[in-house]
Structures are given as C-alpha cells and as structure tokens.
Amino acid sequence: MIIHSHISPLQQSLENERFQGKTIGFVPTMGALHEGHLRLIDASNQASDVTVCSIFVNPKQFNDPKDFEKYPNRIGADLEMLYAREAAAVFIPAVDEMYPPGVAFNKTYDLGGLDTRMEGAFRPGHFQGVCQVMDRLLHIVNADLLFMGQKDFQQCLVIRKLLEITGLKTKLEIFPTVRETSGLAMSSRNMRLSAEQKEQATLIYKILMDLKNDLRPGDLASLKRSAISELTNGGFKVDYVEIADTENLNPIHYWDGKQKAVAVVAAFLGEVRLIDNMLL
Ligand code: AMP
C-alpha cells in the first residue's frame, strides 16, 4: 500500500495505473475508520483494479469548531486496517496541501436546495464545505468509481448533484449502512460515546424501524411527533426527525402510499451528534 501525502506523486502513480488500462475506485473518508468504511474498501476492490482511500478531516465542512477539534484521529490504526483490507493507496494530505495558502477555495455550488434542508439547516455551510473538498478530491483522483455510504444519505444526494455540476465521469456507488449487532449505525463519532451511551444510542435504530413499520398513507405529523418525543424521553436532544422524498429530500407531510420515502434522524447524545436514516 502506497501512502501519499502530496497531490502530484499520487496523480502520477494513478496516471501510470490508468495507462496500463486499470480502473480506479475511490473511497473518501475522514479517518477513524471502522467496518462501515472498510466495506466500502472491499466494494471498491471488487469493482475496480486500484482502490484509493483518502483520509482528510476537512475543516471547511465543520460549522462547529469544537466538533472539528474533537474529531477522532487514529491514523496508525487506520493504516493497519487499510493495509489488511488491501487498499492500493491512501492519500493523507495536510490542510495546506488541499487548500494552499493564498488560493481562494470558496466556490459556491447550486445544489438545488439539497444543502438547505435537514443537515444543511442545522449545519450551515456544511454541504458547501463538503462540495469544496470533494470537488478537489474528485479532480485529483479522477476515479472511475466513487464509493459512499447510505449512512450519510443527504451527502450522497449532494455528491450525486456535484458530479452532475462538474460533469466528471466518475460514477457514484452507494452502499448500505453497516450497523453494530445492536442496530447502532457505525460512525467514527461513536468512539466518543461511553458504553452506556452506546446502548442508549440504539434507540435511534429502534425509532427508524418503528417509523418504517408504522408508516401508513395519510398525514405523517403525529408519527414524526411521537418519534421526537420518544427520542427526547430517551435522553436525546433532537435536531430533527423527518420523513422525506428519497430523490429531492423534500419533507413529506402527507404520504400517498407510493412516494419513495426515507426517514432521517439527527440528535445529540451528550455532546455527540448522531445521524442515521432508513429507506421506508
Ligand atoms: P466519514 O469518514 O464519516 O466522512 O465517512 C466516509 C464514508 O464512509 C462516507 O461515504 C460515509 O457515508 C461512509 N460511512 C460512514 N459510516 C458508515 C456506515 N456505518 N456504513 C456505511 N458507510 C459508512
């Protein structure tokens, strides 16, 4: 496994691979890797000849500086896991490599409103920051396939839109959320939860399952209200519980029984903000 921290040697080595007719799969991450990330590596290895994983905690997508400071860093363990799962290359740039001083990286992207709902509403600027880093990473790696997790459902739609805007030929592949046996969605942020909180956090999965099972055509207000109150009673500070259209994430107030819907939850447990979703 080749470890790159600079852009040009990475590009050069990928250029060589491409010259030999090999296909490139790309798995962008912020590190503190877990099985959810590693399944994306497996998927990429299966579908492409060369898998590149990036590890970069992008300051531009953190609206809360405390969240950025506390984001877990496990680079040694990450490298061991990537080596064991046979990633061909890992790209670990410093902030100055991604955003050289003196160069403005403040492009804004017209995401058709995808960046103003749900995560976008509670984390202003988050998706513009995600697009700024992904635009850069996607142009650097120029992959055939891009692997992302359904765990960040809204992010997947944002990146699908970004690929449309940039006209890049990279194809997005979305993989199902990997969960603990308890149902808790794996997340780097779970490392900041105590054992007791991890147990408590399984309530999010239970609520998503309830929303899936209880969904009936008609008004959805009371279904959403009871999910919020169950989470609040379970010790969460809820940002939102929403049932939304899977294509544009518009909230569904009245379900016709046919519209494709996703239930999404964002809530704090102590200081840790957790998100999860389920296709209904
Ligand atoms: P992150 O390091 O949190 O930015 O995540 C990097 C990639 O891994 C994103 O595409 C995430 O959606 C994906 N990912 C994170 N957690 C999971 C999970 N539990 N299951 C599947 N994919 C995940």
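**Exercise 1.** State in which strand His4 is found, and decide whether His4 is buried or exposed.

*Solution.* Step 1: His4 is found in strand E1, residues 2–4. Helices (H or I, at least four residues) and strands (E, at least two) are DSSP runs, numbered from the N terminus. Residues are numbered from 1 along each chain as its sequence is written, and the model is a predicted one, in which local features need pLDDT of at least 70, side-chain atom pairs count only at pLDDT 80 or more, and totals for chains, interfaces and linings use all residues. Side-chain values use heavy atoms, with hydrogens and water left out.

Step 2: The relative accessible area of His4 is 7%, so His4 is buried. Buried means under 20% relative accessible area, exposed over 50%, and partly exposed in between (1.4 Å probe, protein chains only).

Step 3: Neighbours within four places in sequence are left aside; His4 is then in contact with Pro9, Leu10, Ser13, Ala89, Val90, Phe91 and Ile92. Contact means heavy atoms within 4.5 Å.

**Exercise 2.** Check the span of helix H7 (residues 126–141) and describe its surroundings.

*Solution.* Step 1: The expected span of a helix is 1.5 Å times one less than its number of residues. For the 16 residues of H7 this gives 22 Å, and the end C-alpha atoms are 22 Å apart, which agrees.

Step 2: Because 14 of the 16 residues are buried, H7 is largely enclosed by the rest of the structure.

Step 3: Asn142 follows H7 and has a positive phi, near 50°.

**Exercise 3.** Determine how H7 and helix H8 (residues 153–166) are oriented to each other.

*Solution.* Step 1: The two helices pack at an angle of about 55°, with their axes 10 Å apart. Axes are lines fitted to C-alpha atoms, for helices over the stretch in contact, and angles run from 0 to 180 degrees between N-to-C directions.

Step 2: H7 and H8 are therefore oblique to each other. Angles under 35 degrees count as roughly parallel, over 145 as roughly antiparallel, 65 to 115 as roughly perpendicular and the rest as oblique.

Step 3: Residues making the contact include Phe127, Val130 and Met134 of H7 and Val158, Ile159 and Leu162 of H8.

**Exercise 4.** Find where Met118 and Leu249 lie, and give the sign of phi for each.

*Solution.* Step 1: Met118 lies in the loop between helix H5 (95–98) and helix H6 (119–122). Its phi is positive, near 45°.

Step 2: Leu249 is in the loop between strand E8 (237–245) and strand E9 (254–255), and its phi is positive, about 65°.

Step 3: Most residues other than glycine have a negative phi.
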